[in-house]
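Visitor: Before we begin, I would like to understand how the words used for a model like this one are earned. Could you show me the structure and then take my questions in turn?

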Amino acid sequence: MVDDIKYFFKISFPTLSIIFLIFLNLFLSNNFFDFGQLFVFQAIFFWLLYLPKFLPLYIILIIGIIQDIIYLSPIGSTALIFLLLVFLFEKYNKFFLEPSFFELFISFVALFTIGMIALWALSSLINLKFLLININFVYEILLNLFLFPINYFFLHLFFKKLNLDKKL
Amino acid sequence: MQIGGMTSFLNLKAKNKKTLFSSYSFVFFVILSITLITLDTKNILINVSVIRSKIVNAIFLTKDIFLSNLPNLDKLKFSFTSKEELILENKYLKEKIKQSNLFKLKSEKLEIENNILKKELSLLPPVLENYILVKVTADTQTQYNKTIIINAGKNMDIKKGDAALTSKGLIGSIIEVYDKYSRVLLISDINSKIPVRVGKNNKKAIISGNNTSKLDLLYLKENVSFENEDLVYTSGDGGYFATGIPIGVLKKEKNTIYIDPLNDLSQIQYINIFVNQFKDF
């Protein structure tokens, strides 16, 4: 029984960590910093790298839809951006055999920036007009890039502590 | 290898080089997302507000359960408060009650006097103005959507279209009502359009948000001139907002005109919901 609970906890840990980040962004960080809708991509990026089999596409779609419901975006828009980023990640993942943290950071920078631009383009398309881009756009990217190593460190810590790399 | 240490942290190895997903499933989910976006933007999705309501309620319920199970440090601190402090606090509170009762009596007296004078002047009976003070539960503002969630919903008889304001002026209107929460569309959102009057000459216009801290002034007649720092307030046209709620001041900068809202929309904590007298309009 305990082993079953442990097993389910382990396989659902990537999803739980992403849900935790959604809550963190909604109730805590938004009062001080605006990390934006794509904040949870930090965790998606990490788990796609280490445990992609525990983060299937339908989970990413559901997470995107939850984000859309919370932030009142058209349902499916964040999910579509996440899917685009997952697709680009997949392409990138085949290029590097043993990426260093610096390489990963650079690829995260590239993916996140593409995600932000894609979100702006999609929002403009939905509103049928070019939405203004202000300094907050750059500020949001920088804030996420600053937080990425911290987030990465903690996720990596859990990944090792919970032995998630061991075969289940 | 250290667990979570610097060695393993810096020397990363990608574990999985296989294809993460089949191209069929990827295409399926992309098509599904695009279909959902189309259905939602065209308002074809049936019961989407019910689904939104259920999910938002579930999220806030989870938060409440989590917070209620956290150790209450205030209570712990309170248990160490000395008896003398409690006596002093009690004395102070009694004084406060006396004072507030006095103010209440005074205000009741003034209200009665006011009503008598209005009757003497044969004015119309006063319109019932019903305000509900609510707290901002979650700030859900992003680059492209400017909304906040407040801690009152159907349980407090809040309805779609009710005005949300502070003591300074209007901040937005209710667009979604859930069981215990509601969502306010801020005046800075691109979808917010409010009929207004500008300045002492009562010039009509429409203000629109543009997802920034400044508001646009639309549908102006030709050859209309405005003064810098003119006050902008609701006109009441359309029946959604009461007349005369201040919104912002007009600013002129290098041949451009914009409205500077009276409220800092990123720092709102408490707001009043004006239960709209025209809600069944």
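**Contacts, core and confidence**

Guide: Let us start inside chain B of this predicted model, where residues 24 or more positions apart account for 54% of the contacts with a separation of 6 or more.

Visitor: What makes two residues of chain B count as being in contact?

Guide: The test is that their C-beta atoms, placed from the backbone, lie within 7 Å. By that test, 43 residues of chain B are in contact with 51 residues of chain A.

Visitor: Which elements of chain B supply at least two residues each to the side that touches chain A?

Guide: They are helix H1 (6-10), helix H2 (23-41), helix H3 (48-68) and strand S1 (130-139) of chain B, and the largest share, eleven residues, comes from H2(B). The residues of this side of chain B divide into 21 nonpolar, 14 polar and eight charged.

Visitor: How many residues are in the largest nonpolar core, and which of them touch the most other members?

Guide: The core has 87 residues, and Ile44(A), Ile60(A), Phe82(A) and Ile207(B) touch the most other members. To belong, a residue must be buried, with 20 or more other C-beta atoms within 10 Å of its own, and be joined to the set through C-beta atoms within 7 Å.

Visitor: Why is this core said to lie between domain 1 and domain 3 of chain B?

Guide: Domain 1 (22-68) and domain 3 (129-281) of chain B both give residues to the core, and therefore it lies between them. The C-alpha centres of these two domains of chain B lie 27 Å apart, while six residues of domain 1 are in contact with six residues of domain 3.

Visitor: Which residues does Phe82(A) touch, leaving aside those up to four places away in sequence?

Guide: Phe82(A) touches Phe41(A), Ile44(A), Ile60(A) and Gly64(A).

Visitor: Where in chain B is the confidence lowest, and where is it highest?

Guide: On a scale from 0 to 100, chain B averages a pLDDT of 80, and 82% of its residues score at least 70. Confidence is lowest in H1(B), at a mean of 46, and highest in strand S5 (residues 182-186) of chain B, at 93. Over residues 1-12 of chain B the pLDDT is below 50, although this stretch has 19 contacts in the model beyond near neighbours in sequence. Where pLDDT is low, one should not read the predicted coordinates in detail.

Terms used
Residues are numbered from 1 along each chain as its sequence is written. Chains are lettered from A and ligands numbered from 1 in the order in which they are written. This is a predicted model: local features need pLDDT of at least 70, side-chain atom pairs count only at pLDDT 80 or more; totals for chains, interfaces and linings use all residues. Helices (H or I, at least four residues) and strands (E, at least two) are DSSP runs, numbered from the N terminus. Ala, Val, Leu, Ile, Met, Phe, Trp, Tyr, Cys and Pro count as nonpolar, Asp, Glu, Lys and Arg as charged, and the others, Gly among them, as polar. A residue is buried if 20 or more other C-beta atoms lie within 10 Å of its own, exposed if 12 or fewer, and partly exposed in between; C-beta atoms are placed from the backbone. Domain bounds come from an automatic or database domain assignment. pLDDT is the predictor's confidence in each residue, from 0 to 100.
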